[in-house]
Amino acid sequence: MNSPAAYLVPASVDEAAGALSRGNATVLAGGTDLMPQANQGVRVFRHTLININRIAELKAVSRSGDWLRIGALVSVTDLLQNSTLRGICPMLAETADHFASDQIRNAATVGGNLCNASPAGDLSPPLLALDASVEMACHRDGRLQRRSLPLDQFFLGPRRTALAENELLTAVQIPLPPPRHYGRFFKLGIRPALDIAIISVALAGVLENRKLNRVRVAFGAVAPTPLRARRAEALLEGRILDEETIRAAAQAAREEVTPITDVRASAWYRSEMVSSMMRRLLHEAAGA
Amino acid sequence: MKPPAREITFTLNGRPRSVEVPLTLSALELLRDVLGLTGTKYACGEGECGACTILVDDRSLCSCLLFAVDLDGRAVTTIEGIAADDASEPLIQAFVNAGAVQCGFCTPGLVVQARHFLAHHANADRAAIKRALEGNLCRCTGYQKIIDAVAERVAALHERGEEKDARSRS
């Protein structure tokens with residue numbers, strides 16, 4: 001493992017963005033991915049280690065207008081325990097309950113989980129299904145600028161994101177779910193949590209009279225990036241969740257994913273599970 | 001050449017400490033190799049096993065994943081701090097009574113995690129205890145007796161109305 005040459009602990013987003021604008025930096029948040037990746041040699045520290053953990057703004061959860069804003073340093077434990085979040089997005093609490101262990105949830109952050117950009121990252125499918133955007137900040141023309149990008153444009157490949165070298169991911173923004181919003185997350189693994197997902201799936205929409213509107217279906221661990229299954233969504237949109245619709249959507253989802261074979265499962269098994277878990281979630285929605 | 005380092009000040013088991021730490025040193029390495037507190041165990045080194053569990057600002061963390069420099073300004077409790085706290089004695093005794101200690105390597109991490117869990121969930125049922133301890137591996141696989149030990153503490157706290165002493169002093 002190499003060592004960074006310098007260490008900074010910015011107190012504000014402005015200060016952090018200023019440090020990032022000088023380039024050649026590694027950002028430290030929860031450390032749960034950075035430390036093992038550095039130990040295994042798959043991550044090399046850059047010149048400056050920027051510890052963002054003292055930036056209070058990044059730990060806040062707030063509601064403004066039609067948006068919920070989750071700071072990048074909000075921990076996975078916060079997703080489980082924060083009553084505002086639980087009330088507005090119960091699916092995120094359901095996801096957090098299947099995320100690693102208590103010790104890891106206490107350290108791991110929402111922003112870190114997204115920036116790590118693992119195809120199997122647990123928070124990606126539910127956040128995609130909630131139409132989340134990510135807010136990023138940088139210094140340009142001598143001042144702090146922020147931009148927002150829909151999460152489904154954020155992931156570019158395994159461990160690759162649209163975050164520029166001089167940018168800091170500052171928050172996740174979620175449009176407040178409308179009345180009768182329904183959201184479920186399912187993670188396939190051998191243990192209740194702790195496992196890296198074999199596959200994961202999030203289903204969301206407005207559920208009324210056994211019909212889903214504004215349907216969102218998102219998968220993890222079945223493609224180079226977490227992804228929306230848009231053809232399955234289109235087949236479900238506004239239709240009664242009967243056997244035929246459910247079967248067609250599950251089949252479409254299966255055709256939309258491109259899983260690989262690895263130590264956890266074969267590509268064939270992952271495809272089978274995409275279809276099977278899709279049917280299970282849709283049957284549950286039909287009966288809800 | 002000396003690796004880049006930073007001076008940090010933090011509270012360790014109730015006492016202030018200042019120490020210079022290399023930037024990539026883990027909290028676990030700091031505790032064991034620099035400060036000589038070897039109760040916190042190194043096992044997997046990647047956050048899977050919980051043998052290195054410590055409390056930082058009243059949250060349980062895997063110290064192997066934590067950068068030592070990030071302890072600056074924080075309050076750390078290790079198994080040594082918990083063992084020195086009289087209020088921990090009934091939990092430790094419950095581990096002994098239940099036969100929850102085999103080779104003993106996972107025990108410090110489990111006691112830290114269980115102590116912290118009981119301080120916040122004195123009414124936990126067996127399922128909740130299992131979930132709370134799922135980040136701690138026992139390679140002897142003595143899980144039932146470990147869960148028995150924590151469940152016995154929950155039952156005792158209820159019978160004797162000892163909820164108050166479940167709280168950690170830190």
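**Exercise 1. Work out the order of the strands in the open four-stranded sheet of chain A, and say which strands sit at the edges.**

Solution. Start with the order: this open sheet of chain A runs β11-β12-β13-β14, and its pairing is antiparallel. Strands here are DSSP runs of E with at least two residues, helices are runs of H or I with at least four, and both are numbered from the N terminus. Two strands pair if DSSP finds at least two bridges between them. Next, look for strands that pair on one side only: those are β11 (181-188) and β14 (227-228) of chain A, the edge strands.

Before going on, a word about what you're looking at: this is a predicted model, where local features need pLDDT of at least 70, side-chain atom pairs count only at pLDDT 80 or more, and totals for chains, interfaces and linings use all residues. Residues are numbered from 1 along each chain as its sequence is written, while chains are lettered from A and ligands numbered from 1 in the order in which they are written.

Now zoom in on one pair. Strand β13 (residues 211-220) of chain A is joined to β14(A) by two bridges, and the two run antiparallel. Across from Ala218(A) you'll find Arg228(A) in β14(A).

**Exercise 2. Describe how helix α11 of chain A sits on the sheet and how α10(A) packs against α11(A).**

Solution. Step one is the sheet: α11 (residues 267-287) of chain A lies across β11, β12 (199-208) and β13 of chain A, at about 25° to β12(A). Axes are lines fitted to C-alpha atoms, for helices over the stretch in contact, and angles run from 0 to 180 degrees between N-to-C directions.

Step two is the helix pair. The axes of α10 (residues 243-256) of chain A and α11(A) cross at roughly 145° and come within 8 Å. Step three is to list who meets whom, with contact meaning that C-beta atoms, placed from the backbone, lie within 7 Å. From α10(A) the residues include Ile246(A), Ala249(A) and Ala253(A), and from α11(A) they include Val274(A), Met278(A) and Leu282(A). Sorted by type, the residues of this contact are seven nonpolar, four polar and two charged. For the sorting, Ala, Val, Leu, Ile, Met, Phe, Trp, Tyr, Cys and Pro count as nonpolar, Asp, Glu, Lys and Arg as charged, and the others, Gly among them, as polar.

**Exercise 3. Characterise the side of chain A that touches chain B.**

Solution. Count first: 26 residues of chain A are in contact with 25 residues of chain B. Then find the elements: β1 (6-8), α2 (34-39), β3 (48-51) and α6 (102-107) of chain A each supply at least two residues. α6(A) gives the most, with five residues. Finally, sort the side of chain A: 16 nonpolar, nine polar and one charged.

**Exercise 4. Find the domains of chain A and examine where domain 2 meets domain 3.**

Solution. Chain A splits into domain 1 (6-51), domain 2 (61-175) and domain 3 (181-287), with bounds from an automatic or database domain assignment. The centres of domains 2 and 3 of chain A, taken over C-alpha atoms, are 21 Å apart. Across the boundary, 24 residues of domain 2 are in contact with 24 residues of domain 3. On the domain 2 side, α5 (90-96), α8 (124-129) and β8 (155-157) of chain A give two or more residues each. The largest share, five residues, comes from α8(A).

**Exercise 5. Decide how exposed Pro175(A) is, and list what Pro175(A) touches.**

Solution. Locate Pro175(A) first: this residue is in strand β10 (residues 168-175) of chain A. A residue is buried if 20 or more other C-beta atoms, placed from the backbone, lie within 10 Å of its own, exposed if 12 or fewer, and partly exposed in between. Pro175(A) is partly exposed because 13 other C-beta atoms lie within 10 Å. Leaving out residues up to four places away in sequence, Pro175(A) touches Asp66(A), Trp67(A) and Asp131(A).

**Exercise 6. Trace the hairpin of β1 and β2 in chain B.**

Solution. Eight bridges join β1 (residues 5-12) to β2 (residues 15-22) of chain B, and these strands run antiparallel. One bridge pairs Glu7(B) with Glu20(B) in β2(B). At the turn, two residues lie between the strands, and Asn13(B) takes a positive phi near 50°.

Note on methods. Two residues are in contact if their C-beta atoms, placed from the backbone, lie within 7 Å.
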